[in-house]
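Colleague: I am new to this structure and would like to know how the words used for its parts are justified. Could we go through them with the values beside the cut-offs?

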Amino acid sequence: MKRFKWPLQRLLDVTVQRERAVRAKLFSLSRRIAIVHREIFRHQASLRSALAELAEKKLEKRLPEQQVFMRCSEAQEARLDRLKENLKGLKQQRTEEIATFTKTKSSRETLERLKEESLQRYTTEMIRQQQKQLDDSARTAFARKLIKQQAYQSGMRSTI
């Protein structure tokens with residue numbers, strides 16, 4: 001029996017590799033998004049704690065420190081805005097990668113389904129060919145037996 005060889009196997013292999021690469025990129029983007037989220041929360045918590053410390057101080061000490069805090073908080077807000085823009089860009093990239101992943105996964109699943117159907121047709125054809133060979137062998141054996149039987153019977157008649 002000849003071996004099953006699917007002509008689109010190389011395409012399926014490349015598609016599987018591409019899907020793995022996109023999945024890895026998605027995980028990387030998710031990790032980066034989580035890091036940026038933590039950074040944003042850390043900066044926000046830092047601002048809140050500094051503000052809480054400032055609020056606990058008496059008015060005469062708080063006023064001079066409040067000006068310094070306001071300048072620092074402007075810089076922190078600018079940093080937070082940059083982080084939020086970075087986060088927005090990362091989320092956009094992730095959305096695009098999810099779309100790419102979905103297409104690649106769909107393509108892989110389609111190729112795998114086609115391969116399975118092709119293998120099923122191949123198996124059916126091989127079973128059909130084997131059955132045909134068995135039928136031919138049986139017919140040949142029957143014909144030989146019949147010829148042998150006729151030769152035996154004709155030999156018996158000639159001796160009588």
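**Terms and the values behind them**

Modeller: This is a predicted model, and a starting place is L8, which lies in the segment before helix α1, the helix that spans 9–56.

Colleague: Why is L8 called partly exposed?

Modeller: The relative accessible area of L8 is 36%, and since buried means under 20% and exposed means over 50%, L8 is therefore partly exposed. Together with L11 and L114, L8 makes a nonpolar surface patch of about 230 Å².

Colleague: What makes the pair of F4 and Y122 tilted?

Modeller: The structure holds one aromatic pair, in which the ring centres of F4 and Y122 are 5.2 Å apart and the planes stand at 55°. Centres have to lie within 6.5 Å for a pair, and planes under 30 degrees count as stacked while those over 60 count as edge-to-face, so the pair of F4 and Y122 is tilted. F4 lies in the segment before α1 and Y122 in helix α2, so the pair ties together parts that are 118 residues apart in sequence.

Colleague: Which of the words buried and partly exposed belongs to F4, and which to Y122?

Modeller: With the limit for buried set at under 20%, F4 is partly exposed at a relative accessible area of 22%, whereas Y122 is buried at 15%.

Colleague: How do you know that R108 and E19 form a salt bridge?

Modeller: Their side chains meet with N and O 2.3 Å apart, and the definition asks for a nitrogen of Lys or Arg within 4 Å of a carboxyl oxygen of Asp or Glu, so R108 and E19 meet in a salt bridge. This pair links distant parts of the chain, with R108 in helix α2 and E19 in helix α1, 89 residues apart. Both ends count as buried because the limit is under 20%: R108 has a relative accessibility of 15% and E19 one of 5%. R108 and E19 also belong to a network of salt bridges that links them with R23, E109 and E112.

Colleague: How many salt bridges does the structure hold, and what separates E39 and R42 in helix α1?

Modeller: The structure holds nine salt bridges, among them the one between E39 and R42, whose closest N and O atoms are 2.5 Å apart. E39 and R42 are three residues apart in helix α1, so about one helical turn separates them. In helix α2, E117 and R113 are four residues apart and are likewise separated by about one helical turn, and their side chains meet in a salt bridge at 3.4 Å, N to O. E117 is partly exposed at 33% relative accessible area, and R113 counts as partly exposed at 45%.

Colleague: Which residues make up the largest nonpolar core?

Modeller: That core has 11 residues, namely L29, I33, V36, I40, L47, L54, F69, L80, L83, L87 and L90. The elements that give two or more residues to this core are α1 and α2, the latter covering 59–159, and the largest share, six residues, comes from α1. Leaving aside neighbours within four places in sequence, I40 is in contact with L80, L83, K84 and L87.

How values were computed. Residues are numbered from 1 along each chain as its sequence is written. This is a predicted model: local features need pLDDT of at least 70, side-chain atom pairs count only at pLDDT 80 or more; totals for chains, interfaces and linings use all residues. Side-chain values use heavy atoms; hydrogens and water are left out. Patches are made of residues with over 30% relative accessible area and no salt bridge: like charges are joined within 9 Å, nonpolar side chains (Val, Leu, Ile, Met, Phe, Trp, Tyr) within 5 Å. Accessible areas come from the Shrake-Rupley method with a 1.4 Å probe; for residues, only the protein chains shown count as cover. Buried means under 20% relative accessible area, exposed over 50%, partly exposed in between (1.4 Å probe, protein chains only). A nonpolar core is a set of buried Ala, Val, Leu, Ile, Met, Phe, Trp, Tyr and Cys residues joined through side-chain atoms within 4.5 Å. Contact means heavy atoms within 4.5 Å. Rings of Phe, Tyr and Trp (its six-membered ring) pair if their centres lie within 6.5 Å; planes under 30 degrees apart count as stacked, over 60 as edge-to-face and the rest as tilted.
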